[in-house]
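I opened this model to see where its ligand sits and what empty space the protein leaves. These are my notes from that session.

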Amino acid sequence: MKPFKVSKRTRTIEYAIRDVIGFAKDLEKQGKKILYLNIGDPVKYDFDTPSHIKKALCDAVNSGSNFYGASEGEKELREAICEKEKRTNRIDIAPDDVVVTSGVSEAIQMSMAAIVEKGDEIMMPGPTYPSYMSYAQFYEGKPVFYRTVEAEGWQPDTDDIREKISKKTRAIIIINPNNPTGALYDEKTVREILNIAAEHELLILSDEIYDRIVYGKRFVSTSYLAKDIPVVGLNGFSKAYLATGWRLGYLYFHDPTGKLAELKECVKKETRIRLSSCTPVQKAGITALKGPQECVKEMVDKLRLRRDYTVKRLCEMNGIGCTQPEGAFYVFPRIQKIGSKWKTDMEFVLDVLNKAGVLLVPGSGFGAAYGSGHVRAVFCADMNTLEKSMDNLEAFMKK
Ligand code: PLP
């Protein structure tokens, strides 16, 4: 048999955040020590899932919650999600509006599968979280990046959104707080995006996985501002409850005028073909939402110190410009000499990896149009890793 030919849709998949790891592993094989600042996983460093939530998972397994769950998610968890969204984001949704998924990643896949037809355009922030780009393409749609403005803390440029809307546009994605830029969107800007969506009858998808991880300004949920405009909200447990490996997320339909009934039904059909998300993890998710919430504040307090440290160090380096993130745990600095000393951001990332032993992600992996010329680093690493990484990077930039 000739080498088996795989589908174009899988051959072309890219996910820069993990695609760069191979280069680091090769160096590790040669005995080099690598500092990983590429993946937004606090649990890989010195953060841990709160103990009462871990206990709830063990209890769920030991008490027999090891069966296939309901496809759309366990009812008690969906009820707890509604209470959480009401309490923290002032959103009124019913358990029937909620679908539990294996991480927000699956919620992205399911919503894109239900929305995108061949040739459809999906508007997303530039730079964007790569899954949106990849899944839009996977389903033969086209990602269209709207500009976010670095000089304004990476706020969306709503004029650019208006200009780029075409007859093929189906949806506008909002990622707030944002990965990779750490931007927290102004209420006025979100309202403006909602107005544009309403004018053109577009669906809004709002990824709010970092809603609890903000450092000063208050986060306001898109659905709260939307009033009578339909929104699909996406959120999960990976970040707020330090449970990245548990793979628990959800999406909900804020649908005050009943426009999303078919979408809701079809997403639920999608959940049936993958049976259910992990049942014991869902039980622990109920404890996470209903239990004490101090753990979230403690995490944010720790992250705030690391953000301040990382931004200060980066701003002091020659040839790097860095805006202060207001949410999430990423920095997205501009590297001035990309385009001259280094041809591309990938070339810069590989040079830093080889000479400084620090793994970053090239900005173009978040959409080249607005991401190139930058790199993304996480600041959810432990202080020791952050300090060493910044020392190495500073020495590298000096040279
Ligand atoms: N959405 C955004 C904006 C993210 O940053 C991430 C992960 O980093 C995800 C979704 C995926 O999260 P999950 O672990 O819930 O799949």
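The entries below go from the ligand to its pocket, then to the cavities, and end with the backbone.

**Entry 1: the model**

I noted at the start that the model is predicted. Residue numbers in my notes run from 1 along each chain.

**Entry 2: ligand shell**

I looked up the residues around the ligand and found 13. Those that come nearest are Val104, Ser105, Asp207, Tyr210 and Ser238. I sorted the shell by class and got six nonpolar, four polar and three charged residues. I then asked which element supplies the largest share of this shell. It is helix H6, residues 103-115, with three residues.

**Entry 3: polar contacts of the ligand**

I went through the short distances to oxygen atoms of the ligand. For Val104, the partner is a backbone N or O atom, and the distance is 2.6 Å. For Lys239, an N or O atom of the side chain lies 2.7 Å from a ligand oxygen. For Arg247, I also wrote down a side-chain N or O atom, at 2.7 Å from an oxygen atom of the ligand. Next I checked how much of the ligand the protein covers. On its own the ligand has 400 Å² of accessible area, and 93% of this is covered by the protein.

**Entry 4: the pocket**

Which pocket does the ligand take up? I found that its space is the largest pocket. I put down a volume of about 650 Å³ for this pocket. Its lining comprises 33 residues, and Tyr15, Ser105, Tyr129, Ser131 and Arg247 lie nearest the centre. Three elements give two or more residues to the lining: helix H2 (16-19), H6 and helix H7 (130-138). H6 gives the most, with five residues. So that I could set the pocket beside the ligand shell, I also classed its lining. The result was 15 nonpolar, eleven polar and seven charged residues.

Two residues turned up in more than one of my lists. Ser105 is among those nearest the ligand and among those nearest the centre of the pocket. Arg247 has the side-chain contact at 2.7 Å and is also listed nearest the pocket centre.

**Entry 5: cavities**

I searched the whole structure for cavities of 30 Å³ or more and got three. For the largest, I recorded a volume of about 50 Å³. Its lining is Leu314, Ile320, Pro333, Ile335, Phe348, Leu360, Val375, Ala377, Met390 and Leu393. Strand S15 (375-378) and helix H16 (383-398) each supply at least two residues of this lining. What is the lining made of, by class? I counted ten nonpolar residues, no polar and no charged ones.

For the second largest cavity I also wrote down a volume of about 50 Å³. Lys84, Asp211, Arg212, Asn235, Gly236, Phe237, Ala240, Tyr241, Tyr250 and Leu289 line this one. By class, I have five nonpolar, two polar and three charged residues here. The lining of the largest cavity, in contrast, has no charged residues.

**Entry 6: backbone**

I then looked for cis peptide bonds. The bond from Gly126 to Pro127 is cis, and its omega is near 0°. Pro127 sits in the loop between strand S3 (121-126) and H7. I noted that H7 also gives residues to the lining of the largest pocket. The bond from Asn176 to Pro177 is cis too, with omega near -10°. I located Pro177 in the loop that runs between strand S6 (169-175) and helix H9 (187-200).

My last check was on phi. Where is Trp154? I found this residue in the loop between strand S4 (142-149) and strand S5 (155-156). Trp154 is not a glycine, yet its phi is positive, near 65°.

Conventions
Predicted model: local features only at pLDDT ≥ 70, side-chain atom pairs only at ≥ 80, totals over all residues. Heavy atoms only, no water. Near = heavy atom within 4 Å. Polar contact = N/O pair within 3.5 Å; in protein donor to acceptor, adjacent residues only side chain to side chain. Areas by Shrake-Rupley, 256 points an atom, 1.4 Å probe, with all protein chains shown as cover. 1 Å grid on protein atoms, 1.4 Å probe; cavity = no way out; pocket = protein on both sides within 12 Å on 5 of 7 lines; lining within 4 Å. Sits in = over half its atoms within 2 Å of the grid points. Helix = DSSP H or I, 4+ residues; strand = E, 2+ residues; numbered from the N terminus. Nonpolar A, V, L, I, M, F, W, Y, C, P; charged D, E, K, R; others polar. Points joined across faces, edges and corners; volume = space filled by probe spheres on them.
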